[in-house]
Amino acid sequence: MSERTATIASRVGLHARPAAIFAGAVGALDLEVTIGLEGDPIEDAMDASSILSLMSLGAGNGQVVVLRAEGAGADEALAGLVEILETDHDAA
């Protein structure tokens, strides 16, 4: 299983717009990706392709999340997803 951490860069956290961008990118992958807050138990991780799950995670600006995926291309896929989360989608 591949695992990566990312720091939420959007100023108001993982709210509707960044969550939609991220969920869309996850949905385009042929992998199951989970997301959870750093330090939370693995079993609490949520489906990263669900906008509702992402918003209910409550990840704010500067918080660290853990992404996990398994399968061919997981490392590369997670690297791209980290880039999305570490971009401020609220910047003007």
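This is a short tour of a predicted model, starting with its sheet and moving on to its helices and a few single residues.

## The sheet

Let's begin with the strands. Four of them make up an open sheet, and if you walk across it you meet them in the order 1-4-2-3, with antiparallel pairing. The edges belong to strand 1 (2–7) and strand 3 (46–47), each of which pairs on one side only.

Strand 4 covers residues 64–69, and its antiparallel pairing with strand 1 runs over six bridges. On its other partner, strand 2, the antiparallel pairing runs over five bridges. How much of strand 4 is covered? Mostly, it is: five of its six residues are buried.

You can pick out some of the facing residues by name. Val64 in strand 4 is the bridge partner of Thr7. Further along, Arg68 in strand 4 stands opposite Glu3, and Arg68 is also the bridge partner of Thr34. As a rule for this kind of element, side chains in a regular strand alternate between the two faces of the sheet.

## Helix 3, packed on the sheet

Now look for helix 3 (residues 74–85). It packs on the sheet and touches strand 1, strand 2 (33–37) and strand 4, while its direction makes about 10° with that of strand 1.

Its length works out nicely. Helix 3 has twelve residues, which at 1.5 Å a residue should span 16 Å, and its end C-alpha atoms are indeed 16 Å apart.

Which residues of helix 3 are buried? They are Ala74, Ala77, Leu78, Leu81, Val82, Ile84 and Leu85. Viewed down the axis of helix 3, these buried residues fall within an arc of 155°, so they line one face of the helix. Their cover includes strand 1, helix 1 (16–27), strand 2 and strand 4. Turn to the face that points away from the buried side and you'll find the exposed residues Glu76 and Glu83.

## Helix 1

Helix 1 also has twelve residues, and from its first C-alpha to its last it reaches 16 Å, close to the 16 Å expected at 1.5 Å a residue. Its buried residues are Pro18, Ala19, Phe22, Ala23 and Val26. Down the axis of helix 1 they fall within an arc of 130°, so here too they line one face of the helix. What do the buried residues of helix 1 pack against? The answer is strand 2, helix 2 (51–57), strand 4 and helix 3.

## Four residues to visit

Here are four single residues to click on, with how covered each one is.

| Residue | Relative accessible area | Class |
|---|---|---|
| Ser2 | 13% | buried |
| Gly62 | 45% | partly exposed |
| Arg68 | 10% | buried |
| Leu54 | 0% | buried |

Ser2 sits in strand 1. Its 13% is under the 20% cut-off, so Ser2 counts as buried. Its side chain is joined to that of Asp75 by a polar contact of 2.6 Å. Leaving aside neighbours within four places in sequence, Ser2 is in contact with Leu67, Arg68, Ala69, Ala74, Asp75 and Leu78.

Arg68 brings us back to strand 4. You've already met Arg68 standing opposite Glu3; a polar contact of 3.0 Å also joins the side chains of these two residues. Not counting residues up to four places away in sequence, Arg68 touches a long list of others, among them Met1, Ser2, Glu32, Val33, Ile42, Ala45 and Leu78.

Leu54 is part of helix 2. Beyond its neighbours within four places in sequence, Leu54 is in contact with Leu14, Ala19, Phe22, Ala23, Ile35 and Ala48. Between Leu54 and Glu32 there are 14 Å in space, C-alpha to C-alpha, with the two being 22 residues apart in sequence.

Where is Gly62? Look in the loop between helix 2 and strand 4. Setting aside neighbours within four places in sequence, Gly62 is in contact with Thr7 and Ile8. Gly62 and Ala6 are 56 residues apart in sequence, yet 9.3 Å apart in space from C-alpha to C-alpha.

Notes: Residues numbered from 1 in each chain as written. Predicted model: local features only at pLDDT ≥ 70, side-chain atom pairs only at ≥ 80, totals over all residues. Heavy atoms only, no water. Pairing = 2+ DSSP bridges. Helix = DSSP H or I, 4+ residues; strand = E, 2+ residues; numbered from the N terminus. Contact = heavy atoms within 4.5 Å. Axes fitted to C-alpha atoms, helices over the stretch in contact; angles between N-to-C directions. Expected span 1.5 Å × (residues − 1). Buried < 20%, exposed > 50% of the residue type's maximum accessible area, 1.4 Å probe, protein only. Arc of directions from axis to C-beta. Polar contact = N/O pair within 3.5 Å; in protein donor to acceptor, adjacent residues only side chain to side chain.
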